[in-house]
Amino acid sequence: MSQKPADSEMDQAMDSFRAEMKDAIDEGVDDHESNMTKMGFLFLGIFGGVIAIAALIP
């Protein structure tokens with residue numbers, strides 16, 4: 001027979017799970033924002049380069 005865990009154990013386990021998930025999500029969001037910022041600057045550089053080349057070609 002399996003025993004049902006006590007409510008305090010379940011609450012503690014859920015709190016621990018929520019804390020771990022919050023940390024993982026925060027880390028993922030920060031990583032995603034960093035990657036999107038890098039891609040934005042790369043796109044801006046390419047766009048600026050294309051505009052500069054177009055301005056120089058008669």
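Which side chains meet in a salt bridge at 3.0 Å, N to O? In this predicted model, the pair is K22 and D26. Two salt bridges turn up in the structure, and the other one joins the side chains of R18 and D15, with an N to O distance of 3.5 Å. Side chains of opposite charge can pair when their charged atoms come close.

Both pairs sit on helix α1, which runs over residues 7-56. K22 and D26 are four residues apart there, so about one helical turn separates them. R18 and D15 are three residues apart in helix α1, again about one turn of the helix.

As for how open these residues are, K22 has a relative accessibility of 52% and so counts as exposed. Its partner D26 comes in at 34%, which puts D26 in the partly exposed class. In the other bridge, D15 is partly exposed too, with a relative accessible area of 49%. The cut-off matters here: exposed means over 50%, so D15 at 49% stays in the partly exposed class, while K22 at 52% passes the mark.

Then there is the acidic side of the story. E20, D23, E27, D30, D31 and E33 together make up a negative surface patch. One of these residues, D30, lies in helix α1, the helix that also holds K22 and D26. D26 is left out of the patch because patch members must have no salt bridge, and D26 is paired with K22. D15 is likewise ruled out by that condition, since the D15 side chain meets R18 in a salt bridge.

Conventions: Residues are numbered from 1 along each chain as its sequence is written. This is a predicted model: local features need pLDDT of at least 70, side-chain atom pairs count only at pLDDT 80 or more; totals for chains, interfaces and linings use all residues. Side-chain values use heavy atoms; hydrogens and water are left out. Patches are made of residues with over 30% relative accessible area and no salt bridge: like charges are joined within 9 Å, nonpolar side chains (Val, Leu, Ile, Met, Phe, Trp, Tyr) within 5 Å. Accessible areas come from the Shrake-Rupley method with a 1.4 Å probe; for residues, only the protein chains shown count as cover. A salt bridge is a side-chain nitrogen of Lys or Arg within 4 Å of a carboxyl oxygen of Asp or Glu. Lys and Arg count as positive and Asp and Glu as negative; His and the chain ends are not counted. The place of a charge is taken as NZ of Lys, CZ of Arg, CG of Asp or CD of Glu. Helices (H or I, at least four residues) and strands (E, at least two) are DSSP runs, numbered from the N terminus. Buried means under 20% relative accessible area, exposed over 50%, partly exposed in between (1.4 Å probe, protein chains only).
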